[in-house]
Amino acid sequence: MLENMAGVGESMETPGSQTSLHRANLERVVRAVRMAGSLTQAEIARSTGLSAATVSNIVRELKEGGTVEVTPTSAGGRRARSVSLSGDAGIVIGVDFGHTHLRVAIGNLAHQVLAEESEPLDVDASSAHGFGRAEQLVNRLVETTGIAPGKVIGVGLGVPGPIDVESGTLGSTSILPGWTGINPGQELAGRLGVPVYVDNDANLGALGELVWGAGRGVKDLAYIKVASGVGAGLVIDGHIYRGPGGTAGEIGHITLDESGPVCRCGNRGCLETFAAARYVLPLLRPSHGADLTMDRVVQLAREGDPGCRRVIGDVGRHIGSGVANLCNLLNPSRVVLGGSLAEAGELVLGPIRDSVSRYAIPSAARQLSVLPGALGGRAEVLGALALVLSEMGDSTLLESTLPTASPAFT
């Protein structure tokens, strides 16, 4: 009976299973390099769990097929080889709609940004107008960079509002009333003719900082964006956490004061009513002018204006209360502050840390670092590029370069 069982086990080792295993290992290596931008072969082995010999053979095969490029480097004082996806393997595009701007970036799979441009846009007015402008800007950048349109393999799209994960439509009409009932991904995909991946701006800011900015090297972080609203992008174990309805990270609607101002969500005293620009700026406009912006408040605070410094400090303390709640629930190792408010530096970061120390569980507060974003206003559009890199399938990329993958090495 045991002999028969052994025979069955041996019969399962078919060429087909070896081919499948080899293909899976190819995809594991490509995925690791795609998400990191570049890795040494030793780093690939550690991140994939494959042996050094297997990685060496797979990298050689991918290089011969034109999928990756290998360049000499050093690691720990020793010679090494850095592996990145080929610049010719494909092009990705990021599109970021802010309330007052449109920004587009073009990059390749080696994490190189090839072109980037932004222009003013009132995104609240009309979705059709916004998508028309986005289509024009994308086409212009593709043309000026000399990229063959067929090289574009995907577009990442950021919008300033939560996306319903089931319908793909914007989940809050109070944020973008001119976009009611619109499926942003379908709309832009129909115009550009390529797959479009959509997420809200806070999640994309988190991805951008995770891949290119202040979140590099960590797997658990929260990206806090303070603009016309307050939102958070949550990264857990290296992946964006969206929740079953796509609304995870709505830190702006944590209640700070049940008797506070009425929020646009209908509740009272939400964090957003104490920190978002639409609520903060009216406090200073009587003394600083009706055209005061948050950028100007930050600038004046840095120059020593006492009123602006007080308001920035108060905002920091309120944000810190929300961050403390995140620490107690999720215990992230890093919080990255994005948006124009991050330019205030320690004027806002210090009060955030003070509130975290006061309200968070001590063990969670000790493990947390609070940093300003490294990418500024580019975080969301670079996050849109990262969204494509994280969502695209590896099999499509391999089939374009290795259509008949050999099972010789596993």
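# A tour of two sheets and their helices

Begin by selecting isoleucine 93, which stands opposite isoleucine 106 in strand S5. The model on the screen is a predicted one, and this pair is a good place to enter it. Widen the selection to residues 91-97, which form strand S4, and residues 101-108, which form strand S5; the two strands run antiparallel and are joined by seven bridges.

Next, select helix H14, residues 379-391, which packs on the sheet and touches S4, S5, S6, S7 and S8, its direction making about 135° with that of S4. Add helix H5, residues 127-145, and you will find that this helix lies across S4, S5, S6 and strand S7 (152-159), running at about 145° to S6.

Now show the whole sheet on which these helices lie. This is an open sheet of five strands with mixed pairing, and its order is S6-S5-S4-S7-S8. Strand S6 (113-120) and strand S8 (196-200) stand at the edges, and because each has a single partner strand, one side of each is left without a neighbour in the sheet. If you look along the sheet from strand to strand, neighbouring strands are turned by 15° against each other on average, direction ignored.

Keep H14 in view and select helix H7, residues 201-212, whose axis comes within 7 Å of that of H14 and crosses that axis at roughly 80°. The two helices, H7 and H14, are therefore roughly perpendicular to each other. To see where they meet, display the side chains of the contact, including Leu204, Leu207, Val211 and Trp212 of H7 and Leu382, Leu385, Ala386 and Leu389 of H14. Taken together, the residues of the contact of H7 with H14 divide into eleven nonpolar, three polar and three charged.

For the last stop, move to the other sheet of this tour, an open one of three strands with antiparallel pairing, in the order S1-S3-S2. Strand S1 (38-40) and strand S2 (68-75) stand at its edges, each with a single partner strand, so one side of each is left without a neighbour in the sheet. The twist of this sheet averages 30° from one strand to the next.

Select S2 together with strand S3, residues 78-85, and eight bridges can be traced between these antiparallel strands; within S3, arginine 79 is the bridge partner of serine 74. Finally, add helix H3, residues 41-48, which packs on the sheet by touching S1 and S3, with its direction at about 95° to that of S1, and then helix H4, residues 52-64, which packs on the sheet by touching S2 and S3, with its direction at about 135° to that of S2.

Terms used: Residues are numbered from 1 along each chain as its sequence is written. This is a predicted model: local features need pLDDT of at least 70, side-chain atom pairs count only at pLDDT 80 or more; totals for chains, interfaces and linings use all residues. Side-chain values use heavy atoms; hydrogens and water are left out. Two strands pair if DSSP finds at least two bridges between them. Helices (H or I, at least four residues) and strands (E, at least two) are DSSP runs, numbered from the N terminus. Axes are lines fitted to C-alpha atoms, for helices over the stretch in contact, and angles run from 0 to 180 degrees between N-to-C directions. Contact means heavy atoms within 4.5 Å. Angles under 35 degrees count as roughly parallel, over 145 as roughly antiparallel, 65 to 115 as roughly perpendicular and the rest as oblique. Ala, Val, Leu, Ile, Met, Phe, Trp, Tyr, Cys and Pro count as nonpolar, Asp, Glu, Lys and Arg as charged, and the others, Gly among them, as polar.
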